[in-house]
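These are notes for a colleague who is opening this entry for the first time. Please keep the sequence and the model side by side while reading the points below.

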Amino acid sequence: MNASKNPDEGEVSEAFVSELTNHQTAMLAFIRALMPGSSGARDLLQEVNIILWQKRAQFEPGTSFKAWSFQVTRYHLMNHRRRLASKGWLVFDDDLVERISPALEADPGELESRHQALNLCLSKLRPKDRDLLQHRYASGAPLNDYAKVINRSAGTLKATLFNLRTALRKCIERRFQEQGISLP
Amino acid sequence: MNLNDQQLVAAAFDGALDKTSFRRLQDRLLNEPALLALYREHAMLHHSLCEEFEGTQMIGRSVPSVARTPRWVPVLAACAVAVAAVFFGWQWLKSSRPAPVMAGCAFSADAIVKVDDRQALNGSGFAVGSRLSVERGWVRLNLPKQAVALVEAPASVVFEADHVLRFESGRGRLHCPESARGFTVKSGSLVAVDQGTDFGVVSRPGAADELHVFSGEVAVNAVTGTARAVLHAKEAAAVDSAGALQRMPAREEDFESVTPELRVLLEDRFDTGGPIADRQPVVGLSHWRLEKGSPELKGGHLEGTGFEAFYSLPMDGLTASRPVLLVTVETVESPSFHTEQWAGVSLYQEGYEHCFFGDCFGPEETWSLDMKRRLVPVPTEPRLTGPRTVTLRYDRRDGTIELHEGASAGSRPLVRKTIQSGLSFDQIRIGAADGATLAVVKISVRAIQEPPLR
């Protein structure tokens, strides 16, 4: 932020806060895409938020906050690969991150539309299928524990999860088609 | 797209891939646009499902309504409030209007902190009535009247009034200058009233709480019963929930300093004190161990030929919140510093010498950096010769290692290379080979917090 261009620092910071807030979900989705299977996306988002706040003076109002913040996120991931790997998290190589990042970036609007579609699709599922999804995404506990509780084999649940996610993807795709929205 | 690809991508998001399979997935994503498109679809669905379900009920509980407001709305709202709190806290710090009763917060680089159950950002304010939860790292609170509290994770602290902090759990250190006399710290079992001092408190629900005084005096009262005492420097007391007060010696080393960004791991000046064997440095918990030779203290420095002296560095010296090591050595003229042998300083971990700086083995007459897994030492550029003050900087986050002239590490290193990241170094050695001489006036080893990576 150039003080001579922006005499009212308060207004600029307000705009910055607004941009940061609006992009939280998109940044989180981006981190999750670059660290598949890792549970620490929210921790990493918090780290990136702190960096963005510390670097806020470098953000020029009027330019793309998304491009800037995603770049900072990418660099943070790449710089901290070894630390993240030491926690057992799998993170893509720098070269791959650089090359596939553009494909994995989503706008806040797209994510909102996807979530609305997901809600509708979830409402069509049987309760026990929703319970299974909830267990998988809410608890993070091993599938075996849940299998014992509901007296089914872990292998069956794994296959059911796979089918459920396939069905949800197709359902979301259909919702987008019905609304005339093309998926990126 | 075949079924196997879908299973491969699904397994990635389930964390079910081993390193080899993950590597294969990476290679294919780079070259197969169709697989990348599938991966994106899975990534977006995975994110939406996480947002929908994360933090909701576990096994045996009811299922939330799927038609409710998206979960990210409250998340976003919480973020907005947290960020707005930072903004207004920052505004408050910038403005000249009278300060509300609020403490400024500074976090360690690795900190995870919540204020009233909302994620907080570094630099945000901490208002009276709020609860601060430090889940990782540390937080320094700049309290009214120049009092400072350093709260270490895991801890939960409530700012009860402008001069009262309640430690619900955890450990903290307080610095209360004369202006903050009367500052009060409460825990489940004790109430401590400062009388112009430095002290630490440990709050352990279900066990005795502790008060440790490092300087000055602190009055401590049991919450239950009538036990009370005035503790002086180096005194401590444990108070249990029944009100029993037991005195004991203070353990200052258990508490972070109020300036935890920097920790001096070793500092020694060789213009005074005893010989190097078993010598206690000016700052440092360990002592020097002479393993070879007989260097002497003379003319205000330590000088030796064919000697090796080791010092054990604390295991927790380099941490995630203090990831940068600075080793500064000040040398003076010696008869044979530059020789074909070596003379200088080495850093070790688990018995392995990871790097050396000084005059390296070989004919080059210059200060150099020897990264022990590389074949050739790297000379400084420009070449640095003779008695100098030189600082080695190592950043454990990315393994960057640099040599600088002077007592600090600026932006223009004389050598900049990379070694293994994540090292913590458990020993440092000063020494010289037979035929070479090292003359040292001062040595210091510091771990510092330095958030931005270069």
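1. The model is predicted, and a good place to begin is its largest nonpolar core, which has 104 residues. Among these, B:Val139, B:Val151 and B:Leu211 are the ones that touch the most other members.

2. Which residues is B:Val151 in contact with, once its neighbours within four places in sequence are left aside? The contacts of B:Val151 are B:Leu132, B:Val134, B:Trp138, B:Val139, B:Leu141, B:Val157, B:Gly170 and B:Gly172, and B:Val139 from the point above thus appears again in this list. Apart from this core there is a second, separate one of 49 residues, whose members include B:Val327, B:Leu414, B:Ala433 and B:Ala436. As general background, nonpolar side chains tend to be buried together in soluble globular proteins.

3. The backbone deserves a careful look at several places, given that most residues other than glycine have a negative phi and most peptide bonds are trans. The peptide bond that runs from B:Ala153 to B:Pro154 is cis, with omega near -5°, and B:Pro154 belongs to strand β7 of chain B, which covers residues 148-161.

4. Another cis peptide bond leads from B:Glu381 to B:Pro382, here with omega near 5°. B:Pro382 is placed in a loop of chain B, between β25 (378-379) and β26 (389-395).

5. B:Lys145 is not a glycine, and yet its phi is positive, at about 60°. The residue sits in the loop that joins β6 (138-142) and β7 of chain B. B:Lys145 counts as partly exposed because it has 14 C-beta neighbours inside 10 Å, a number that falls between the limits of 12 or fewer for exposed and 20 or more for buried.

6. A positive phi, about 50°, is also found at B:Glu350, again a residue that is not a glycine. Its place is the loop of chain B between β22 (343-349) and β23 (352-359). Is B:Glu350 buried or exposed? With 10 C-beta neighbours inside 10 Å, B:Glu350 counts as exposed.

7. In chain A, a residue to inspect is A:Leu44, which is part of helix α3, residues 41-54. A:Leu44 has 23 C-beta neighbours inside 10 Å and therefore counts as buried. From A:Leu44 to A:Arg32 the C-alpha to C-alpha distance is 9.6 Å, and the two residues are twelve residues apart in sequence.

Key:
Residues numbered from 1 in each chain as written. Chains lettered and ligands numbered in written order. Predicted model: local features only at pLDDT ≥ 70, side-chain atom pairs only at ≥ 80, totals over all residues. Helix = DSSP H or I, 4+ residues; strand = E, 2+ residues; numbered from the N terminus. Core = buried A, V, L, I, M, F, W, Y, C linked by C-beta atoms within 7 Å. Contact = placed C-beta atoms within 7 Å.
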